[in-house]
Amino acid sequence: MTQSSTNNTSAPTSRIEAACESVVFGRRPLVLTILTLLLLVLTWQGLKVRPEASFTNMIPGNHEFINNYMDYRQELADLGNVVRIVVESKEGDIFTPEFQEVLKQVTDEVFYVPGVSRDGLKSLWTPNVRWQEVTEEGFVGGAVIPNGYDGSEKMVARVKANVFKSGQVGVLVGNDFRSAIVLAPLQDVNPETGKPLDYRELSDFLEQNVRDKYSSDQVQIRIVGFAKVIGDLIDGAVQVVLFFVLAVLITFALLWLYSRCLRSTFTVLACSIFAVFCQLGVLNLLGYGINPYSMLVPFLVFAIGVSHGVQIISAVMHNSVRGADKVAAARLAFRSLYLAGITALVSDAIGFTTLMVIDIGVIRELAIAASIGVAVIIVTNLVALPIIASYVGVSARGLAYARERQDQASLVERLFARFARPQQAKAILAVALILCGAGAYYAQFMKIGDLDAGAPELRPDSRYNSDNAYLVDNYSTSTDVFVVMAKTSAEQCVAYENLVWLDQLAAHMGNVPGVQKVSSVADVSKFGNFGMNEGSLKWYGLNRNQFITNASVGKAPPGLINADCSMAPVLVFLNDHKAETLERVVAGVQAFKAEHTPDSVEFLLAAGNSGIEAATNDVIEDAQVEMLIWVYGVVIALCLLTFRSPRIVLAVVLPLMLTSLLGQALMALMGIGVKVATLPVIALGVGIGVDYGIYIFTKVREALADGKNLIESYAYTLHQTGKAVAFTGVTLAIGVATWVFSPIKFQADMGLLLTFMFLWNMLGALMLVPAIAWLLRIDNLAAKPAAGNSAPAEPAEKQINAAAQSPRATKQTETEPA
Amino acid sequence: MRLTRLFVPRLLLPALIASQPLLASANVELLQTPALHSTRAAQSVITNLHPANDGYLLTGERGLLLQWQADGQWQQQNSPVSVGLTAVTTLADGSAVAVGHDAAILRRAPQGEWQKIFDGYDLTRLQISALEKRRDDLQQTIDNAAEDADIGELEYQLEELEFSLEDTQAELETGPNKPLLDIVSAGGKRLFAVGAYGTLLCSDDAGDNWQLHSASVDNPDRFHLNAITRSDDGSLYIVGESGVGFVSRDNGDSWQSMDLPYDGSLFGITAQAGAPNLVAFGLQGHVLVSSDGGDSWQHHKVEAGASFLGGTIDQNGQVVLVGHGGIVASFPVAQPDDITVRKHPSGAAFSAVAVDGKQLILAGQFGVTAWDMK
């Protein structure tokens, strides 16, 4: 059969293939016009895609913690979604008329920022910030800025005295009195437009109208809050567009070096860039935006597109060298590659799809975006590209270069052919074993979750994180808050017995290592009793008399009880948001719940940034194993289907596993945790990495079937496909390597890990695959594929045959025109 | 239909009744809940300190009893209650007695563990029997009154007493809520505890039994009695809300009102060892000084204006007062105008202070700390 198909190569081997080819090449102008129109429409859509960063998409939507949080999201909003604008005096303290004037202006400015809840706005200059003290007559108090403030020294001295009595030191005024805060709670909906708050707009507004406007030699402005993180994330993500341009330029250079043909280079680049725009267009049509995580996908799509484009272009050049005309060269290239290409792309797509098992919106969006991207590449680079090539052809210079090179052993061949020899195979296997041991050792130190302080999405030295560090250092506020929601029946949240439970939980949680402070409305009540009894500390505590208790919480800040008093959050302030800390806190609450079963109050986990992170970590920890099982399951199934040999599957999959293990070790060594951003990387690495093994073994088997021994077969393989494999690895790596410079920490982490995995998968395929093949005596299989071919009904066999035909097909064409 | 109508109420009623005690049992009674040991006990809210075992015995929120040494070492002691504790004292035999919220009184025998010996339920019962006795006495007075006597006022008082009695009886159900605020050892086995709403308790057997002595001070408005102290000559002093002050020269058998030149609240009073000097202090920086054992008082006001919650006089007659906003004021007892006011950087409200060599031991809102006097 092999023989017969070899003789028949100039004609397509099956009806379906013939149909495909005649559709594509039969009416080239029509197909090209339709494709062009389609691609233009999609590109136009793609240009409209909006950067977005939705909070709900970054969290596991079905986790118990998140469900509980979502039930009270509105009520907890007061608590969490605030922007703190720190106005810092660079010289001296805040008690100068000049500083107070700036603070007043910033307060007024922030008051008019769209989306700021004006009732809740707080600064020394808002009337809701008061001082109070206990006198013989009871409580007396007033606004911190006295009536008739005129900026005189006397008035400033009064402000200073009031600040001390206001209890705002460490809250609105820095512990060192060198800065003051304007605290702006945000509304979810912009009241002017009725639309959800646009964080990017808000962030830009704050930058322009506050930071840029009021920063001076005397004053520094710092802005901290979730909205700012999101704004910075989107800004950072947009900068990534520059990296895309960089990736395109580098790829251009490499393509040109590879082909020495400007026409081919431009064709491949154009098709791949088109693929990116179309992918964005489909996303936009489906109603998705592009978030900082799925921003990776265009880079991948571009790189995958280029790597497949390169295969087509080399085939076209190869055919042209053999003397085929433009159309015949392109047609033969299409025939020889589209099945192998589709197989590889489909396996990529399935690899990406396994990410759907993870219950986190952004990861699912990434999976969808990547699958769409891969589907688009089939159209742009497997169909459109050969048609374009059939018009454009190859430049004379490119042809000359290809002719000159065709009989020389490439660098790849010279470097890697040796690994099929027993001596080198043993050596590389030994090295792999050592790496495997080292990888397994370091991989156990891999951590779940985010490891750095501040906003982990951004770089530790970013402006946001330095602003945040300033806040943490100079104010008595931790930015890592874990919230337990205490649910009671309506109007009962401050009942004495419920406050007792809150206080007991607080005392219990205070003993959990990593917990800084716990506070709830119970503390307000205790403090209120202290205040109401003329400030006698001995009265600090809860009071069984409900009338007294109700009075004691009269001044409870918003957010510590909800509107109908059926829920009171217990705020657990943490030292950090490391996974161990979060796990301890969750375990602490669970232990308390196991020990006590109050029937008037139910403690629900969890809200606050740390509660949500705990839920995310939980999901990720489970998903990590689940996803590996899925992705390897799919890869192994695909390889088995293609090769029908467990030994070949082992030879393909073992190098991938080593890469995964080394990737984990790298994460442990670089202090990169497993998180929403890095979890998909392993699946992406494996899904794309398997292509190399498939390409290599297709050729190896072909040569073995021809009766060559392993060493010869591998040499043949490298001559045929080695350069393309190496080139693909490098292109993919370059596509994502630019990410290392992203201002967004997790993008940099993703870039680093993917670069590592793409390169290492490529090296593993070139060095380990032949060595394992030697170890498993795969050359003994030589007889079997012939036997397999006796059952031509098997679709997988067809694919292999088709792939196996391709080189011979090109050889045959050489003779045909001659 | 009929069946359900018939059965539902009958079946539900016992269930509802039965569920009441269950509800109660699932709640926490802080008077019965042993205090949780805390890894940060020394940073809790501390209300009082008392010298003991070369260090200090501290009381605080959530039933805290803490032995603290000046080098910062500390050990939390097992406490049988989780209500806030407000003061502690030691007896000559080495046992210690502490008081707190909901009128809890705890005692620790030498080398023993802390045990609760009294609480607000006991106090309520004492108050009920006292009220009943007053009511019966009053009833008798009215019954025995001459026919022409004007008993309108007495009947009004009787009515008031009945109301008080009802309120107090209701408290047996709802639970106690009045804290005891200070305790003093009056020599031998005699102890006095003072508290909210004019509560004055006395024990003559080191705490085994307590008698209600509230009526023996002239405090008709039931102002809080905030502090009690004993001078070397055996006199006992009580100060409280709205400038009330009482002195006893017969070890608490009888009490006389002191005429204090200030009518705001006084939170503490301290006596100098071996001298007749006394300092009382309270709201808004008001300080009263007596150099004649409480017969006469001079009023001073510290300009900073912060309330003083705790104070002490060392052997040299140096007074140290602490209070809100981290205020630490000191002056020689003989020259109250020669005052130095400093602020502790924590800004905490301090409730108690002790002089330990060259250090001040400060206890309060954010725990206990040693502070160099310099």
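Start by selecting helices 24 and 26 of chain A: their crossing is right-handed (the near helix is turned clockwise from the far one by less than a right angle). Helices here are DSSP runs of H or I with at least four residues, and strands are E runs of at least two, numbered from the N terminus. The model you have open is predicted, so local features need pLDDT of at least 70 and side-chain atom pairs pLDDT 80 or more, while totals for chains, interfaces and linings use all residues. Residues are numbered from 1 along each chain as its sequence is written, with chains lettered from A in the order in which they are written.

Now look at the contact itself (C-beta atoms, placed from the backbone, within 7 Å). On helix 24 of chain A, pick residues including A:G685, A:G689 and A:G693; on helix 26 of chain A, try A:M757, A:N761 and A:A765, among others. By class, this contact has 15 nonpolar, four polar and no charged residues (Ala, Val, Leu, Ile, Met, Phe, Trp, Tyr, Cys and Pro count as nonpolar, Asp, Glu, Lys and Arg as charged, the others, Gly among them, as polar).

Next, go to chain B and select strands 9 to 12, an open sheet in the order 9-10-11-12 with antiparallel pairing (strands pair if DSSP finds at least two bridges between them). Strand 9 (180-185) and strand 12 (211-212) of chain B are at the edges, each with a single partner strand, so one side of each has no neighbour in the sheet. Zoom in on strand 10 (residues 191-195) of chain B, joined to strand 9 by five bridges; there, B:F192 is the bridge partner of B:V184.

Notes
Two residues are in contact if their C-beta atoms, placed from the backbone, lie within 7 Å.
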